[in-house]
Amino acid sequence: MAQTHLNNRERLKDIGYQPPAESDWLTGLHPMDPLLRGERLPHIWCQGCGLGTALTTFINALQWLEQHRGWDLDKVSVVSGIGCTGRVAGYLRLDSFHTTHGRAIPFATGLKLANPKLKVVVFSGDGDLTGIGGNHFIHAARRNLDITVICVNNFNYGMTGGQVGPTTPHHARAVTSQYGNFEYPFNLPYLAAAGGASFVARWTVLHARRLSWTLREAMEYPGFSFVEIIAPCSTAYARWNTEGTGTDPQKLRRRGLELMKHYQKVGRIGHEVHPKDATVKVDEKGLICEIVEGKFLSQPRPDLQAAIDDLAGGAEKRWGSAKKALDERPRVERRTDRVPRTEVQLGGFGGQGIMSAGRIIGQAAALYDKLEACFTQSYGPEARGGAAGSQVVIASDPIHHPVVIEPTSAIIMSQAAFDKYVPRLAPGATLLIDDALVNLPDDRRSDIAIYGIPATEIAGGLGNSRSANTVMLGLWTAAVGVVSRDAMRRSLAESVPPKTVDLNLKAFDTGYEKGKELLDSNRSRPEASS
Amino acid sequence: MNEHRGLLTGEHFLLGDHAAAEGAILAGCRFFAGYPITPATEIAEQMSTRLPQVGGVYIQMEDELASMNAILGASWGGVKSMTATSGPGFSLMMENFGLGIMLETPCVLVNVQRGGPSTGLPTLVGQQDMMQARWGSHGDYEVIALCPSSPQELFDLTIRAFNLSEKYRTPVLVLTDAEVGHMTEKVVIPSPEQIDIIHRPAVRKGDVSPDHFRIYRDMGSKDAVSPMAIAGEGYRIHVTGLTHDERGYPVMTAAAQEWNLERLVNKIRNHRDDIIQVEEAHLDDAQVVVVSYGISARTSLWPIETARKEGIRVGLLRLITVWPFPEERIRELSRRIRAFVVPEINMGQMIREVERCAGGRARVMGVNRPGGEILEPEKVLDCIRAAAGVNPPKP
């Protein structure tokens, strides 16, 4: 049998337990003391509340696991939310986290993913877990996160005085449903199972031993385990939803127990019951008339961590190729000529690679020509085919204003982009167009140089019309001459899929040659009148 | 484990958002929980690809509330953690940002600001969450918030955010904006040996005997930051969002509130000198001082240059740390200058701090834009001229 705190007083000191004086040993040491923060007792729960029992069945289960499975209880973490059940965390002598209302489960998610060796248990109430916390509840079940969620269901929000909650039965009375609850409650086992839980069970606090056994099983079970514990709320819910207590003071004091006796009467054990049939049944007056308990579901499947680990291989490979590209980048010297602030505007429609083209220019300038470069982009509202624009600012000195004000060159590949951006060009700017896609209007500006080639057709001729933007980049490099050809080619090679590098370089070179031709023969577009 | 596993040391032409992710990774962040939101989604995307490469965990939570809590949980599991969002998500994170402060949990929250309020302008710049960053959660607390002006600085300040959060055991904000987050510039990623990386003061198994261990130190003690015992080390800690005593147990009294709150607040206030960073230019002879942050500080540089060429003695006080606010510096300057100019992409937020600290001793003028685009240089220049009492030069 494992050495546990039960039978070794010295070890009690290890966990910060202050034992009472020797003379009190006869009555001072309870078997559960090692797992209770005795200095915080008595607890805040009401006479007749089910939480005391819920807590001790949990401690029981843990001690069994420690003794029979060798569990290291230092590795058990409990996370709770807000409410009476949420206070459980504060009385347990374990690593415990009393978080905010509804958020115990995401906190537990982070905790478990950060340290998979921890056994994480969420211990909270019906309102906390399935009201405000409902979304987190179903997603943790969906992920099959390896935690155990213990939900103490007393059918109302007890801490705040007994308001109606997501599990309050139809027609039952609560502080905020004084005419009877017009809403329908969750069937919690069904909710958990539908979400994707691997283990689903329900007991009432009267089933103390069975509950303890099930909690033990749930904590050992891989994946998302859910245990609903039905408990009385003697001060609130039981006061208005127990038959026959009347105003007899004796009975009122025992109302928690009266309610449990009623649950015992109307309860039945049904392990074979499907979670969808586990709804707590009520009569027209809102009084519970049937509760089925048992272990409804245990269905293992790989938990979240296993699923994550399964796919880890791809990451290593991807990093390997990125690192290789980084290490193989040639070292280049900083340019010695001074480049004044130069603004480039690119425009077209979505799908033409306007963004990639702008980025390639910026990257070429920044990493290969060792200049300062700033690249930004803009989109129209459409998902596909809408307007696309990008801008690059290049200079030798640090760039203050990151966006273009009056561009000195532009790459335009659609009519709409022409209409939008050409009016903003600086006098003397260079405009490069795909002249098969852009028609020059008669009243166009005469103070700019315009060079056009049918880039999309050229790219198509080379093998892929999608490289039209690359052809335009070649044209731009030749016509404007701000970023070096070498830098552009290197940046391009680094930016396109490896299989398309050759095609793209060819497209770039073709555009570049055409650009050189046009420049040499000074063949910018003639005046509109001719 | 190889310290360099998965790192991408070298020069990159990097999107601001991606730079934030890389900075986090270099600082040792190995857990990210987030939710897609423009314009911060690229941070999540980069983390989702890169974290598995460095042996970390990326998880996309069901909403921003879950994301904020998950990063707190991960931090208590011993892992440096981060989330990223924009205005609407920032609002959702507020309650549990407060939980992080109360529990004294190191973690980083990046807000890539956009135009608001409400759904606003998802794809366009704003600087409208500055006051929310300071006061957004309920209750009294101090906050650390950093404001970068470029992708390189976003990278650097994310590292600094982690260092500050670990050192002071508090969530730290990186307040950037859609302009910086979505611009691409050169970013140099140094190797880990070249930078300082700070880890939380930690208590591990066997360091202290558990019955002597007090989870929160008294304010009177020399080191205001209590060593952190994470889950699983055998200290059987209890932490709660309720007001608590030095054992971490809830105590519902005014005395406990005073003890706890003064601890939390003074932890930051008493270390302002260490935390606050500003960039100063031309302040010695300044008559007008431009006080700005983030992208607006950057776009003020050209107006300042131009104004100085016109003979106006204008200087720059750039807030790299925006919270805590550099009150002393503003007070000092207000005693000898003519006016402050505060350019920001909002209806006037940080200007209130400048006004408060200037105490009426210097004029304070704002240059504002409600969001969507960065400030026009001419407007900032006009304001500088007006602040200096100079008419604009004839066209």
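Let's start with chain A, which splits into domain 1, covering 31-307, and domain 2, covering 338-520. Keep in mind that what you're looking at is a predicted model. Taken over C-alpha atoms, the centres of domain 1 and domain 2 of chain A are separated by 63 Å.

Now over to chain B. Here too there's a domain 1, running 10-192, and a domain 2, running 277-388. Their C-alpha centres in chain B lie 26 Å apart. The contact between them draws on 25 residues from domain 1 of chain B and 21 residues from domain 2 of chain B. If you want to find the domain 1 side of that contact, look for β6 (121-125), α5 (130-135), β7 (144-146), β8 (171-177) and α7 (178-181) of chain B, the elements that each put in two or more residues. Top contributor on this side is α5(B), with four residues. Sort the residues on the domain 1 side of chain B by class and you get 14 nonpolar, seven polar and four charged.

Next, how do the chains meet? Between them, 56 residues of chain A are in contact with 57 residues of chain B. On the chain A side, the elements giving two or more residues include α1 (9-14), α4 (88-91), β2 (95-98), α5 (104-114) and α7 (134-143), and further along the chain A list you'll find α14 (313-327), α15 (354-368) and β11 (372-379). The one that gives the most on this side is α5(A), with eight residues. By class, the chain A side holds 24 nonpolar, 19 polar and 13 charged residues.

One piece of this meeting involves strands. β2(A) pairs with β10 of chain B (residues 238-240), in the parallel sense and over three bridges. To spot the pairing on screen, pick His98(A) and look across to its bridge partner in β10(B), Thr240(B). As background, strands of a sheet pair through backbone hydrogen bonds, either parallel or antiparallel.

Let's move on to a sheet in chain B. It's an open sheet of five strands with mixed pairing, and the order is β11-β13-β12-β15-β16. β11 (278-281) and β16 (363-368) of chain B sit at the edges with a single partner strand each, so one side of each has no neighbour in the sheet. On average, and ignoring direction, neighbouring strands of this sheet are turned by 20° against each other. At one edge, β11(B) pairs with β13 of chain B (residues 314-319) in the antiparallel sense, over four bridges. A handy pair to look for there is Val278(B), which stands opposite Leu319(B) in β13(B). Helix α14 of chain B (residues 377-388) packs on the sheet, touching β12 (288-292), β13, β15 (339-344) and β16 of chain B, and the helix direction makes about 165° with that of β16(B).

Last stop: Gln349(B), in the loop between β15 and α13 (350-358) of chain B. Is this loop residue, Gln349(B), buried or exposed? Gln349(B) has 21 other C-beta atoms within 10 Å, and the cut-off for burial is 20 or more, so Gln349(B) counts as buried. Leaving aside neighbours within four places in sequence, Gln349(B) is in contact with Met130(B), Met131(B) and Glu344(B). You can also check the spacing to Gly366(B): that residue is 17 residues apart from Gln349(B) along the chain, and their C-alpha atoms are separated by 9.5 Å.

Notes: Residues numbered from 1 in each chain as written. Chains lettered and ligands numbered in written order. Predicted model: local features only at pLDDT ≥ 70, side-chain atom pairs only at ≥ 80, totals over all residues. Domains from an automatic or database assignment. Contact = placed C-beta atoms within 7 Å. Nonpolar A, V, L, I, M, F, W, Y, C, P; charged D, E, K, R; others polar. Pairing = 2+ DSSP bridges. Axes fitted to C-alpha atoms, helices over the stretch in contact; angles between N-to-C directions. Buried ≥ 20, exposed ≤ 12 C-beta atoms within 10 Å, placed from the backbone.
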